[in-house]
Amino acid sequence: MALSSSPLVYLKHCIQSSQHSTMTSQKLLTECSILSSSSGRSRRRRTITIATVSSIMLLSKQAILTPEIGHCLDLRMTVPDQSLEEAEEGLGTHVRDLVNVKELIELESWRETQKALRKSSSLLKQDIYTIIQAKPGSERSLLRKLNSELFNSVTKLDYAARNQDSALVQECYGKIIVALDSMLSRL
């Protein structure tokens with residue numbers, strides 16, 4: 001690429017190009033210095049700042065965009081291209097996984113309870129959301145309210161398990177079971 005008169009245009013091209021992983025921060029800084037060599041002092045500082053920030057973005061892009069998700073509540077609403085049939089098939093399994101958290105609660109295995117709860121609830125939320133979206137508009141508001149109650153209880157149970165509050169964990173688990181029964185009877 002021929003050098004552009006604007007460092008911003010050049011940087012935009014570098015970031016968008018497929019060869020951005022081979023671009024080093026030193027090379028980017030050098031290119032921007034060349035672009036601004038005929039300019040005044042403030043333009044040079046601005047260019048160097050842009051180059052530095054851009055190089056940080058280039059280097060950290062791989063770290064930021066990794067597909068791995070830690071043990072956290074992953075509450076994406078839908079799985080891309082998840083059909084209603086797939087959501088209905090997964091619903092039973094994910095409900096069962098959420099209900100089976102009871103065994104870990106009874107053992108007071110708090111970290112494992114949190115991990116199992118987070119995994120099963122995130123998948124269940126995706127399935128329920130897909131099913132709700134397929135329902136007629138008149139039914140959605142009640143289902144969304146029940147969905148909210150269910151996952152608010154899941155979040156409270158997660159915090160209670162983190163704090164190792166056995167009484168609150170039992171209370172939240174009971175609310176989850178009631179909310180699941182109510183939700184499943186309407187789905």
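**View 1. Packing of helix α6 (110-134) against helix α7 (residues 137-162) in a predicted model.** The axes of α6 and α7 lie 10 Å apart and make an angle of about 170 degrees, where axes are lines fitted to C-alpha atoms, for helices over the stretch in contact, and angles run from 0 to 180 degrees between N-to-C directions. The two helices α6 and α7 are therefore roughly antiparallel, a term used for angles over 145 degrees. Among the residues making the contact, with heavy atoms within 4.5 Å, are Trp-110, Leu-117, Leu-124 and Ile-128 of α6 and Leu-143, Leu-150, Phe-151 and Val-154 of α7. By class, the contact of α6 with α7 comprises 11 nonpolar, five polar and six charged residues (Ala, Val, Leu, Ile, Met, Phe, Trp, Tyr, Cys and Pro count as nonpolar, Asp, Glu, Lys and Arg as charged, and the others, Gly among them, as polar). Residues are numbered from 1 along each chain as its sequence is written. Local features need pLDDT of at least 70 and side-chain atom pairs count only at pLDDT 80 or more, while totals for chains, interfaces and linings use all residues, and side-chain values use heavy atoms, with hydrogens and water left out.

**View 2. Helix α7 and its buried residues.** Helix α7 has 26 residues and reaches 37 Å from its first C-alpha to its last, close to the 38 Å expected at 1.5 Å a residue (1.5 Å times one less than the number of residues). Its buried residues, meaning those under 20% relative accessible area, include Leu-146, Asn-147, Ser-153, Asp-158 and Ala-160. The cover over the buried residues of α7 includes α5 (101-106), α6 and α8. After α7 comes Gln-164, which has a positive phi, near 55 degrees.

**View 3. Crossing of helix α4 (residues 84-99) and helix α8 (residues 166-186).** The axes of α4 and α8 come within 11 Å and cross at roughly 160 degrees, and the helices α4 and α8 are therefore roughly antiparallel to each other. The contact is made by Leu-91, Val-95, Leu-98 and Val-99 of α4 together with Tyr-173, Ile-176, Ile-177, Leu-180 and Leu-184 of α8. This contact of α4 with α8 has nine nonpolar, no polar and no charged residues.

**View 4. Surroundings of Ile-176 in helix α8.** Ile-176 is buried, with a relative accessible area of 1%. Leaving aside neighbours within four places in sequence, Ile-176 is in contact with Leu-98, Leu-150, Ser-153, Val-154 and Leu-157. The C-alpha atoms of Ile-176 and Glu-149, 27 residues apart along the chain, are separated by 8.3 Å.

Definitions and conventions. Helix = DSSP H or I, 4+ residues; strand = E, 2+ residues; numbered from the N terminus. Parallel < 35°, antiparallel > 145°, perpendicular 65-115°, else oblique. Buried < 20%, exposed > 50% of the residue type's maximum accessible area, 1.4 Å probe, protein only.
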